[in-house]
Amino acid sequence: GGAQAGNYVLSGTTASTTANITKKDLTATVTASNKVYDQGTSATISACTLATIVGSDDVTCTAGSASFASASVGNGKTVTASGITLGGTAVGNYNLPTTTATTTANITAKSVTPSVTATNKVYDRSATASTTCSLSGVISGDTVTCSAGSSSFADANVGDGKTVTGSTITLGGAAAGNYSLSSTSATTTANITPVTVTPSVTGTN
């Protein structure tokens, strides 16, 4: 084109040069699974997705590791996925500028089972019992205790192997917030023994 174009002819109607096609940047998004408290911060990434993939290109992502911000029980806790890498047949056409991503998930309380031990007692006309409480399922190293708000025999009468129920059991200790009770009551057995009485006689003149 141009005013003088008529004075010229092309030696060829094609020409070549070089240029670059750069990798397209992608951003990874992760989803983490909730977990039950286990004293650790490790997390499981259930899904990794990528935005702005071109057409039907086969590009995937996976996280090398993931962790909660802390090990304690809580909802909406930050989870950080690290070492994210790309995969798939079209991976060579894409780049991942950031290899970390964050999301949120929950750490739920670990269930523990209470049991009680009752002390034998001498008959006193009441069904009140004295118990100590212990727990199964606490992770080694955690301080968690339990106690019964009240404890009672099935009745006040003398007998061996009588059922004792510990009720309104609650948790205590530094790590109690990471645990939940499977039940707030527990039963055991103990004895109510007879009261020893001393006879006396009075003679008649």
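**Salt bridges, a tyrosine pair and an alternating strand**

A salt bridge links the side chains of Lys 35 and Asp 38, with N and O 2.9 Å apart. The model is predicted, and this contact is a good place to enter it. Side chains of opposite charge can pair when their charged atoms come close. How exposed are the two partners? Lys 35 is buried, because its relative accessible area of 14% falls under the 20% cut-off. Asp 38 is partly exposed, at 37% relative accessibility.

How many salt bridges does the structure hold in total? The count is three. One of the others joins Lys 121 to Asp 124, where the closest N and O atoms are 2.9 Å apart. Lys 121 is buried at 16% relative accessibility. Asp 124 is partly exposed at 43%. Another is formed by the side chains of Asp 155 and Lys 162, at 2.6 Å from N to O. Here Lys 162 is buried, with a relative accessible area of 11%. Asp 155 is partly exposed, with 30%.

Return now to the region of Lys 35. Strand 3 covers residues 35-36, and the loop between it and strand 4 (45-51) holds Tyr 37. Tyr 37 belongs to an aromatic pair, and the structure has one such pair. Its partner is Tyr 179, and the ring centres lie 5.5 Å apart. Why is the pair called edge-to-face? The ring planes meet at 75 degrees, and an angle over 60 degrees puts a pair in that class. Tyr 179 lies in strand 16 (residues 179-181), so the contact ties together parts that are 142 residues apart in sequence. Tyr 37 is buried, with a relative accessible area of 5%. Tyr 179 is buried too, at 5% relative accessibility.

Strand 3 also leads to strand 10. Two bridges join these strands, which run parallel. Lys 35 stands opposite Ile 107 of strand 10. Strand 10 has another partner in strand 7 (residues 74-82): this pairing is antiparallel and spans six bridges. Within strand 10, Ala 105 is the bridge partner of Lys 77.

Which side chains of strand 10 point to the buried face? In a regular strand the side chains alternate between the two faces of the sheet. Strand 10 (residues 101-108) shows this alternation. Ala 101, Thr 103, Ala 105 and Ile 107 point to one face and are buried. Thr 102, Thr 104, Asn 106 and Thr 108 point to the other face and are not buried.

The surface has a nonpolar patch of about 420 Å². Val 122, Tyr 123, Val 158, Val 195 and Val 197 make it. Tyr 123 sits in the loop between strand 12 (121-122) and strand 13 (131-136). Tyr 123 is partly exposed, with a relative accessible area of 30%.

Step back to the whole chain. Its secondary structure consists of 17 strands and zero helices. How does its radius of gyration relate to that of a compact globule? A compact globule of 205 residues would have a radius near 17 Å, but the chain has 37 Å. Along the principal axes, the C-alpha atoms fill a box of roughly 165 × 25 × 25 Å. Of the 205 residues, 26% count as buried. Among the buried residues are Tyr 37 and Lys 35, both met above.

Notes: Residues are numbered from 1 along each chain as its sequence is written. This is a predicted model: local features need pLDDT of at least 70, side-chain atom pairs count only at pLDDT 80 or more; totals for chains, interfaces and linings use all residues. Side-chain values use heavy atoms; hydrogens and water are left out. A salt bridge is a side-chain nitrogen of Lys or Arg within 4 Å of a carboxyl oxygen of Asp or Glu. Buried means under 20% relative accessible area, exposed over 50%, partly exposed in between (1.4 Å probe, protein chains only). Rings of Phe, Tyr and Trp (its six-membered ring) pair if their centres lie within 6.5 Å; planes under 30 degrees apart count as stacked, over 60 as edge-to-face and the rest as tilted. Helices (H or I, at least four residues) and strands (E, at least two) are DSSP runs, numbered from the N terminus. Two strands pair if DSSP finds at least two bridges between them. Patches are made of residues with over 30% relative accessible area and no salt bridge: like charges are joined within 9 Å, nonpolar side chains (Val, Leu, Ile, Met, Phe, Trp, Tyr) within 5 Å. Accessible areas come from the Shrake-Rupley method with a 1.4 Å probe; for residues, only the protein chains shown count as cover. The radius of gyration is taken over C-alpha atoms; the globule rule is 2.2 Å times the number of residues to the power 0.38.
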